[in-house]
Number of protein chains: 2
Amino acid sequence: MDNKDISQAVISRLPRYHRYLGELKDNNVERISSQELSVLMKVTASQIRQDFNNFGGFGQQGYGYNVEYLYDEIGRILGMDHTHNLILIGAGNLGQALANYMNFARRGFVFKGIFDIDESVIGKNVSDMVVMPMSELEDFVRKNDIDIAVLTIPKTGAPEVAERLSRIGISGIWNFAHVDLNVPDNVQVENVHLSDSLMKLSYNINRYQEENN
Amino acid sequence: MDNKDISQAVISRLPRYHRYLGELKDNNVERISSQELSVLMKVTASQIRQDFNNFGGFGQQGYGYNVEYLYDEIGRILGMDHTHNLILIGAGNLGQALANYMNFARRGFVFKGIFDIDESVIGKNVSDMVVMPMSELEDFVRKNDIDIAVLTIPKTGAPEVAERLSRIGISGIWNFAHVDLNVPDNVQVENVHLSDSLMKLSYNINRYQEENN
């Protein structure tokens with residue numbers, strides 16, 4: 001299947017479909033129509049059908065989609081059918097929170113190592129891993145088949161670390177540093193800019209108040 | 001100004017403009033054209049002009065935008081011209097990481113109180129605040145002019161807490177719980193679904209590998 005032309009907006013919606021289908025599956029629902037899914041997820045049924053048509057439509061028939069099949073297919077598209085090996089760079093509060101969050105492991109995202117530049121943190125235990133110095137980064141990534149690096153470091157250090165990771169052929173960077181990274185095409189970057197999200201909330205609060213006061 | 005029809009996609013891009021303009025300002029750049037900004041931010045100049053036209057265009061002239069004016073205006077639109085009072089609900093790892101992140105305070109988002117249901121956490125100090133029991137929630141929100149609640153609790157408890165917050169008229173919920181919240185129109189919700197973001201990264205890695213192997 002050629003996914004080249006599927007927009008990032010569609011991709012952004014896939015994890016949410018996956019989440020709702022997982023809950024339906026857990027509740028032993030076997031089939032669901034786009035109309036029922038539409039009510040549940042508060043999006044239009046036509047949006048759902050359009051999104052699914054990007055992937056061949058998942059064989060909806062008169063009586064709707066097979067929940068388990070749809071869940072597995074979307075999971076496969078999202079790369080959830082195999083394990084991902086992660087390293088964490090930056091063992092601060094946020095890094096530790098992510099390393100300790102067990103739901104990632106349940107979804108097949110497994111932390112294999114943690115790195116930091118801070119001498120007072122190196123050698124300490126975080127989530128059953130010993131924090132390593134950055135000098136061991138390249139060696140560890142190669143030997144442990146790491147495909148994703150999670151960056152929870154200040155923005156000043158992030159570009160250089162991203163460059164080192166790119167040079168050793170990391171597949172993806174999950175970037176919490178508040179800076180846009182320039183990496184080659186073979187490195188995928190997903191940004192989580194928390195301040196941006198908070199500002200968007202602030203905008204929506206402001207707008208509501210301006211319109212209703 | 002009537003912002004009613006501005007799409008959330010445009011709003012999502014405003015914090016990034018704000019970030020780049022802040023950096024330009026720090027580097028004493030006084031004016032910038034949409035073309036120059038376009039190269040810096042890797043979006044098209046026409047996208048920038050279209051986005052800005054939603055807000056009246058910010059008075060670009062032949063020689064470009066006034067950086068400080070543009071920075072201040074976008075900041076004002078994002079509600080950064082006044083302080084927001086926040087509470088944190090859920091004093092776990094992620095909650096503590098957010099409470100300790102000083103950059104939020106610098107942008108005018110100030111944590112005033114922390115709540116948890118866990119008896120072993122209540123009364124302890126987190127980021128210079130004493131963790132309070134949930135029974136004090138309503139009283140604290142009213143007395144301290146709280147407008148934003150940050151939810152870093154498991155998804156099972158989130159809907160009930162969101163309902164309590166809605167009832168006392170909170171303006172916004174920054175939701176890290178992995179569930180969609182149903183709240184009235186006067187409560188703005190901004191979701192940070194970390195697993196969804198990680199799945200999107202996983203999809204993009206997968207797609208790249210399928211296309212290039």
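**Exercise 1. Work out the strand order of the six-stranded open sheet in chain B, and find its edges.**

Solution. Start by walking across the sheet in this predicted model. The strands come in the order β7-β4-β3-β8-β9-β10 (chain B), and their pairing is parallel. Next, look for strands that pair on one side only: these are β7 (132-133) and β10 of chain B, the edge strands. Now zoom in on one pair. Strand β3 (residues 84-89) of chain B runs parallel to strand β8 (residues 148-151) of chain B, and four bridges join them. To pin down the register, take B:I89, whose bridge partner in β8(B) is B:L151.

**Exercise 2. Decide whether B:P133 is buried, partly exposed or exposed.**

Solution. First, place the residue: B:P133 sits in strand β7 of chain B. Then count its neighbours, which gives 14 other C-beta atoms within 10 Å. Buried needs 20 or more, and exposed means 12 or fewer. B:P133 therefore counts as partly exposed. For a distance check, go 19 residues along the chain to B:T152: the C-alpha atoms of B:P133 and B:T152 are 15 Å apart.

**Exercise 3. Describe how helix α1 of chain A packs on helix α9 of chain B.**

Solution. You want two numbers here, because a pair of packed helices is described by the angle between the axes and the distance separating them. Helix α1 (residues 8-26) of chain A meets helix α9 (residues 194-212) of chain B at about 120 degrees, and the axes are 9 Å apart. That angle makes α1(A) oblique to α9(B). As for handedness, α1(A) and α9(B) cross in the right-handed sense.

Now list who touches whom. From α1(A) you get A:I11, A:S12, A:L14, A:P15, A:R16 and A:H18, while α9(B) brings in B:S195, B:D196, B:M199, B:K200 and B:Y203. Sort this α1(A)–α9(B) contact by class and you end up with five nonpolar, three polar and three charged residues.

**Exercise 4. Take stock of the side of chain B that touches chain A.**

Solution. Begin with the totals: 47 residues of chain B are in contact with 47 residues of chain A. On the chain B side, the elements that each supply at least two residues are α1 (8-26), α5 (93-99), α6 (102-106), β9 (172-175), β10 (188-191) and α9. Of these, α9(B) gives the largest share, 16 residues. The class tally for this side of chain B is 20 nonpolar, 18 polar and nine charged residues.

Then flip to the partner's α9. Helix α9 (residues 194-212) of chain A lies across β3, β4 (109-116), β8, β9 and β10 of chain B, and the helix runs at about 165 degrees to β10(B).

**Exercise 5. Repeat the helix-packing analysis inside chain A, for α2 and α3.**

Solution. Get the geometry first: helix α2 (residues 34-41) of chain A and helix α3 (residues 45-53) of chain A pack at about 110 degrees, with axes 8 Å apart. So α2(A) is roughly perpendicular to α3(A). The crossing of α2(A) and α3(A) is right-handed. The residues that meet are A:S34, A:Q35, A:L37 and A:S38 from α2(A), and A:A45, A:I48 and A:R49 from α3(A). Class by class, the contact of α2(A) with α3(A) holds three nonpolar, three polar and one charged residues.

**Exercise 6. Sum up chain A as a whole: how many helices and strands are there?**

Solution. Count nine helices and ten strands in chain A. The chain A C-alpha atoms fill a box of roughly 60 × 50 × 35 Å along the principal axes. Of the 213 residues in chain A, 37% are buried.

How values were computed
Residues are numbered from 1 along each chain as its sequence is written. Chains are lettered from A and ligands numbered from 1 in the order in which they are written. This is a predicted model: local features need pLDDT of at least 70, side-chain atom pairs count only at pLDDT 80 or more; totals for chains, interfaces and linings use all residues. Axes are lines fitted to C-alpha atoms, for helices over the stretch in contact, and angles run from 0 to 180 degrees between N-to-C directions. Angles under 35 degrees count as roughly parallel, over 145 as roughly antiparallel, 65 to 115 as roughly perpendicular and the rest as oblique. A crossing is left-handed if the near helix is turned anticlockwise from the far one by less than a right angle, and right-handed if clockwise. Two residues are in contact if their C-beta atoms, placed from the backbone, lie within 7 Å. Ala, Val, Leu, Ile, Met, Phe, Trp, Tyr, Cys and Pro count as nonpolar, Asp, Glu, Lys and Arg as charged, and the others, Gly among them, as polar. Two strands pair if DSSP finds at least two bridges between them.
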